[in-house]
Amino acid sequence: MAAVTGHQESESEHFSPYRADGKLYGFVCIVTGATQPVGKAIVNELATHGAACIYACSSSPSDDYASLADEVNKLHPSTKVIGYPFKLANEEDTLALIDDVLNAWGRLDVYVTSSGLLGPPSIASTTPADLYSLFEANSMAPFFALKYAPPAMLKTSAKGNYPNAAPKDKPYGSIIVVSSVASTYGGCWGPAFTMSSHAALGVVRAGVATLKGTGVRINCISPGQIDIGVDLQGFDMRGLSAQFPPSSLQSTKTQHEVVGLERAGMPTEVARVAGFLASGFSSYITGTNQIVDGGASVMNPLTVPI
């Protein structure tokens, strides 16, 4: 009888991770790197799933948060998008963000870190300061999400008085770390990118035991070559202002040779995986590394000619 009751509760109208339609009604989400191509696509995807509120975060106060909110609300007027600049790998700023979310909404359901840095392409051009910067951006931000988001995710709440509202009857949550295929092997770019991306996946794998018994899940998304809409002209080859390299670094011929789907991926294709991991469609998935590379990693190690 207890098992039947538990099943009924898990399939209840408001226990959103187990909604059959994968909707995120009532969900309050944080997305870092939200003004970069992949982060922006993730904000749109979570809104598509019906999230009530998305904190669109970046490290730069001058980013165009208003245009992002307008773009999302043209299609999803019931989702509130809040631009929120903060130091992404800073402990105090992370705590302040989570406090602001709880004070305003009383809950937190999804935390996506998509604020990585590419870094210099060679060991010769990598300084110790560069390495520290990449570890901060690529692995410290996920670490702070793992450490401080779960207590907020465990809070339940009544149904709020806002669009797409739903009560939160039970504790749950999803932490999603957007890394790179450099999380599993080398040769994708520079050594600092590989080292810090490995560390990001380490946060996810360590997180499963850390979160045991909480109902909070943690997963990694590792994109391969993604068309982020930039070309080599004007691209900062030190990689200190970009998350991924321009897809034009690989010729169309090379992509046909080493990518199973024979093309670069799109930010929206990464975002759809994030939507899946945020929703009840992935309710029994945690600790995984979702490779989004068009099959390149199982055909041939992905190398980007410099």
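Let's start with a pair of helices: α5 and α6 cross with a right-handed sense. Keep in mind that this is a predicted model. In it, α5 covers residues 128-153 and α6 covers residues 191-210, and their axes come within 8 Å of each other, crossing at roughly 15°. Angles under 35 degrees count as roughly parallel, so α5 is roughly parallel to α6.

Which residues do the touching? From α5, the contact draws on Leu131, Leu134, Phe135, Asn138, Ser139, Pro142, Phe143 and Leu146. From α6, the residues involved are Ala192, Phe193, Met195, Ser196, Ala199, Ala200, Val203, Gly207 and Thr210. Sort that contact by class and you get 12 nonpolar residues, five polar ones and no charged ones.

Now look at the sheet. Seven strands make it up, it's open, and the pairing is parallel. If you walk across it, the order is β3-β2-β1-β4-β5-β6-β7. At the edges sit β3 (80-85) and β7 (289-292), each of which pairs on one side only. Going from one strand to the next, the twist averages 15°.

Let's zoom in on the β7 edge. Strand β6 (residues 216-223) runs parallel to β7, and four bridges join the two. If you want a spot to find on screen, take Cys220: its bridge partner in β7 is Asn289.

How do our two helices sit relative to these strands? α6 packs on the sheet, where it touches β5, β6 and β7, and its direction makes about 155° with that of β6. As for α5, this helix lies across β4 (110-113), β5 (173-178) and β6, running at about 170° to β5. Both helices therefore run roughly antiparallel to the strand they're compared with, since angles over 145 degrees count that way.

There's another helix pair worth a visit: α2 (residues 37-48) and α8 (residues 267-278). Their axes are 8 Å apart, and the helices pack at an angle of about 45°, which makes α2 oblique to α8. This crossing, too, is right-handed.

On the α2 side, the residues in the contact are Pro37, Val38, Ala41, Ile42, Glu45 and Leu46. They meet Pro267, Thr268, Val270, Ala271, Arg272, Ala274, Gly275 and Ala278 of α8. By class, the contact between α2 and α8 has 10 nonpolar, two polar and two charged residues.

Note on methods. Residues are numbered from 1 along each chain as its sequence is written. This is a predicted model: local features need pLDDT of at least 70, side-chain atom pairs count only at pLDDT 80 or more; totals for chains, interfaces and linings use all residues. Side-chain values use heavy atoms; hydrogens and water are left out. Axes are lines fitted to C-alpha atoms, for helices over the stretch in contact, and angles run from 0 to 180 degrees between N-to-C directions. Angles under 35 degrees count as roughly parallel, over 145 as roughly antiparallel, 65 to 115 as roughly perpendicular and the rest as oblique. A crossing is left-handed if the near helix is turned anticlockwise from the far one by less than a right angle, and right-handed if clockwise. Contact means heavy atoms within 4.5 Å. Ala, Val, Leu, Ile, Met, Phe, Trp, Tyr, Cys and Pro count as nonpolar, Asp, Glu, Lys and Arg as charged, and the others, Gly among them, as polar. Two strands pair if DSSP finds at least two bridges between them.
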